[in-house]
Amino acid sequence: MPRVTQAHLDARRRQIVDAARARFATHGFARTSMTDLVEASGLSVGAIYRYFKGKDEIVAAICEHSTQALPAELTTKTVHGFLEHIRTLAREEDHARLVAQIYAEAAVSPPLAALVDRQLSDLRTAVAALLPHREPAAAARIAEAFVAFCHGYTQQLAVRGDLDPAPFTAALVAIIES
């Protein structure tokens, strides 16, 4: 019997995660069943359970595959570009709605809350590292505000729809320069 390649296994796992991302963003976590994920992915129930024990593991995989496109420096131009990137993900991939669903689930799931908290901590650390001219305590405060503000912008996109990032850019730059 031929062996299944790792590339094939990775592609199937990615297929499930991509289908779940889309479904969770449009229908929410609670209103998505495993049957819905079977239908959305085009795979069998057994195929999905080969990779994941349930929806909780799929949500964790979605979180683990997320990436932040932080700029290399924090200037007005790069912060605006970062917020435009968030806006584009919201428009093209329903990312803001997906993040809202993940946060809602993290509020009632301690394991997911721990994963999200770790990712937020990593993001704050990365932002603070972009402020080498600041004392560590000041950089940490700015990073805390920066991350909270960016997530607030994401939540606004999820609820209010497409928003111009210009006023948010101005506010973030004011926080950075304070």
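Partly exposed denotes a relative accessible area between the buried range, under 20%, and the exposed range, over 50%, and in this predicted model Glu-93 is partly exposed because its value is 44%.

**View 1. Salt bridge between Arg-21 and Glu-93.** The closest N and O atoms of Arg-21 and Glu-93 are 3.8 Å apart, and the pair links distant parts of the chain, with Arg-21 in helix α1 and Glu-93 in helix α5 (residues 76-93), 72 residues apart. Arg-21 counts as buried, at 15% relative accessibility, whereas Glu-93 is partly exposed.

**View 2. Salt bridge between Asp-162 and Arg-91.** Here the closest N and O atoms lie 3.3 Å apart, and the two residues, 71 apart along the chain, connect the loop between α8 (136-160) and α9 (166-177), which holds Asp-162, with helix α5, which holds Arg-91. Asp-162 is partly exposed at 44% relative accessible area, and Arg-91 is likewise partly exposed at 45%. Both residues belong to a network of salt bridges that also includes Glu-84 and Arg-87.

**View 3. Salt bridge within helix α1, between Arg-14 and Asp-18.** The two residues are four positions apart, about one turn of the helix, and their closest N and O atoms are separated by 3.0 Å. Arg-14 is partly exposed, with a relative accessible area of 32%, as is Asp-18, with 37%.

**View 4. Surroundings of Tyr-49 in helix α3 (residues 45-51).** Tyr-49 is partly exposed, with a relative accessible area of 41%, and, leaving aside residues up to four places away in sequence, touches Met-34 and Gly-54.

Notes. Residues are numbered from 1 along each chain as its sequence is written. This is a predicted model: local features need pLDDT of at least 70, side-chain atom pairs count only at pLDDT 80 or more; totals for chains, interfaces and linings use all residues. Side-chain values use heavy atoms; hydrogens and water are left out. Buried means under 20% relative accessible area, exposed over 50%, partly exposed in between (1.4 Å probe, protein chains only). Contact means heavy atoms within 4.5 Å. A salt bridge is a side-chain nitrogen of Lys or Arg within 4 Å of a carboxyl oxygen of Asp or Glu.
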